[in-house]
Amino acid sequence: MALYEHIYLARQDVTQQQVEALTEQLKLKIASLGGAVTKVEPWGLKSLAFRVKKNRKAHFTLLNIVAPSEAVVELERTLSLNEDVLRFLTIRVDEHEAGPSAMLRKRDDADRDDRGPRGPRGDRPDRGDRPDRGDRPDRPPRRPRDDVTAGAI
């Protein structure tokens with residue numbers, strides 16, 4: 001059987017429980033057609049790059065599927081009839097990615113508080129080592145502008 005990655009986007013006004021129920025329906029549909037869902041990753045409510053069917057956000061869900069192609073065709077037909085699904089994409093892959101997907105890793109990488117101290121800065125001095133600017137002479141006073149005095153008359 002072939003391996004697939006399937007992502008679908010559900011409308012922003014459906015609840016997370018409805019998205020989970022839809023995912024369970026899809027898993028049952030695939031199982032009834034001789035396939036299996038090996039991994040489900042709900043990515044949550046995310047902003048879209050552009051409006052899709054008057055929605056600015058959508059619930060993203062990734063499914064890793066092992067199934068015959070007929071099961072995937074039926075899955076896509078079912079999703080095209082569902083009004084809560086904005087878009088879907090199914091891609092055949094050689095192997096499924098082990099561990100969390102790139103979207104979930106990105107979320108974990110955002111917690112980068114454990115970064116160490118900064119490395120050497122080359123020939124640039126630190127800001128604390130900058131020479132005092134007290135040796136510069138004071139600026140001369142500004143001369144009055146011609147356009148301001150001409151408008152006052």
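This section describes the strand pairing, the nonpolar cores and the surroundings of H6 in a predicted model.

Strand β1 spans residues 2–11 and takes part in two of the pairings described here, one with β3 and one with β4. The pairing of β1 with β3 is antiparallel and extends over 10 bridges. Within this pairing, E5 of the chain lies opposite N64 in β3, and I7 has L62 in β3 as its bridge partner. Strand β4, comprising residues 85–93, also pairs with β1 in the antiparallel sense, here over 8 bridges. In this second pairing, Y4 stands opposite R92 of β4.

Strand β3 covers residues 55–67, and 10 of its 13 residues are buried, so that the strand is mostly covered on the criterion of under 20% relative accessible area. Besides β1, strand β3 pairs with β2 (residues 36–52); this arrangement is antiparallel and involves 11 bridges. One of the bridge pairs consists of V40 and L63, the latter being in β3. A hairpin is formed by β2 and β3, with 2 residues between the strands. K53, located in the turn, has a positive phi of about 50°.

The largest nonpolar core contains 17 residues, of which Y8, L26, I65, L75 and L79 touch the most other members. Two or more residues are contributed to this core by each of β1, α1 (16–32), β3 and α2 (69–81). For L26, the contacts beyond four places in sequence are with Y8, L63, L75 and L79. Another core, of 8 residues, lies apart from the largest one; among its members are L9, V52, L62 and L86.

H6 is located in strand β1. Its relative accessibility is 0%, and H6 is therefore classed as buried. The side chain of H6 makes a polar contact of 2.6 Å with the side chain of T90. When residues up to four places away in sequence are left out, H6 touches T61, L62, L63, I65, L75, L79, F88, L89 and T90. Several of these neighbours recur in the features described above: I65, L75 and L79 are listed among the residues with the most contacts to other members of the largest core, whereas L62 is a member of the separate core of 8 residues. L62 is also the bridge partner of I7, and L63 is that of V40.

Methods. Residues are numbered from 1 along each chain as its sequence is written. This is a predicted model: local features need pLDDT of at least 70, side-chain atom pairs count only at pLDDT 80 or more; totals for chains, interfaces and linings use all residues. Side-chain values use heavy atoms; hydrogens and water are left out. Helices (H or I, at least four residues) and strands (E, at least two) are DSSP runs, numbered from the N terminus. Buried means under 20% relative accessible area, exposed over 50%, partly exposed in between (1.4 Å probe, protein chains only). A polar contact is a pair of N or O atoms within 3.5 Å; within protein, one must be able to donate a hydrogen and the other to accept it, and residues adjacent in sequence count only if both atoms are side-chain atoms. Contact means heavy atoms within 4.5 Å. Two strands pair if DSSP finds at least two bridges between them. A nonpolar core is a set of buried Ala, Val, Leu, Ile, Met, Phe, Trp, Tyr and Cys residues joined through side-chain atoms within 4.5 Å.
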